[in-house]
Amino acid sequence: MTLEELERDVQFIVDSHSAVTSVVLAPELWQKILVALEEAENREMVDLLTERASFGPMAIATLGLHDRLEAWA
């Protein structure tokens, strides 16, 4: 996401005092944001697994991956 995309694909709604009250995103930009958030969440999980793996299988088991996977579904 470039600054140019943000400037083009985002609109701000302001009230009579020029305070921003809402932000409107183009659907394509919203989808890019969702993908970026999902990728960041996946990287966080990989980093956590990598860290725990160095301590052995029991450390990985303490993550409660089953619960997390159900939450993501």
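## Valine 14 and the nonpolar patch

Valine 14 has a relative accessibility of 46% and therefore counts as partly exposed. This class covers residues that are neither buried, under 20%, nor exposed, over 50%. The model described here is a predicted one. Within the model, valine 14 belongs to strand β1.

Valine 14 is also one of the residues in a nonpolar patch on the surface, together with Phe12, Val20 and Val23. The area of this patch is about 380 Å². Two strands contribute to the nonpolar patch: β1, residues 10-14, and β2, residues 20-25, each provide at least two of its residues.

## The negative patch

A second surface patch carries negative charge. Its members are Glu38, Glu39, Glu41, Glu44, Asp47 and Glu51. One of them, glutamate 41, is located in helix α2, which spans residues 27-53.

How great is the relative accessible area of glutamate 41? The value is 35%, so glutamate 41 is classed as partly exposed. Membership of a patch requires over 30% relative accessible area.

## Tryptophan 30 in helix α2

Helix α2 also contains tryptophan 30. Because its relative accessibility is 41%, tryptophan 30 counts as partly exposed.

How many residues separate tryptophan 30 from valine 10 in sequence? The separation is 20 residues, while the C-alpha atoms of tryptophan 30 and valine 10 are 9.7 Å apart in space. Valine 10 lies at a position included in β1 (10-14), and tryptophan 30 in helix α2.

Conventions:
Residues are numbered from 1 along each chain as its sequence is written. This is a predicted model: local features need pLDDT of at least 70, side-chain atom pairs count only at pLDDT 80 or more; totals for chains, interfaces and linings use all residues. Side-chain values use heavy atoms; hydrogens and water are left out. Patches are made of residues with over 30% relative accessible area and no salt bridge: like charges are joined within 9 Å, nonpolar side chains (Val, Leu, Ile, Met, Phe, Trp, Tyr) within 5 Å. Accessible areas come from the Shrake-Rupley method with a 1.4 Å probe; for residues, only the protein chains shown count as cover. A salt bridge is a side-chain nitrogen of Lys or Arg within 4 Å of a carboxyl oxygen of Asp or Glu. Lys and Arg count as positive and Asp and Glu as negative; His and the chain ends are not counted. The place of a charge is taken as NZ of Lys, CZ of Arg, CG of Asp or CD of Glu. Helices (H or I, at least four residues) and strands (E, at least two) are DSSP runs, numbered from the N terminus. Buried means under 20% relative accessible area, exposed over 50%, partly exposed in between (1.4 Å probe, protein chains only).
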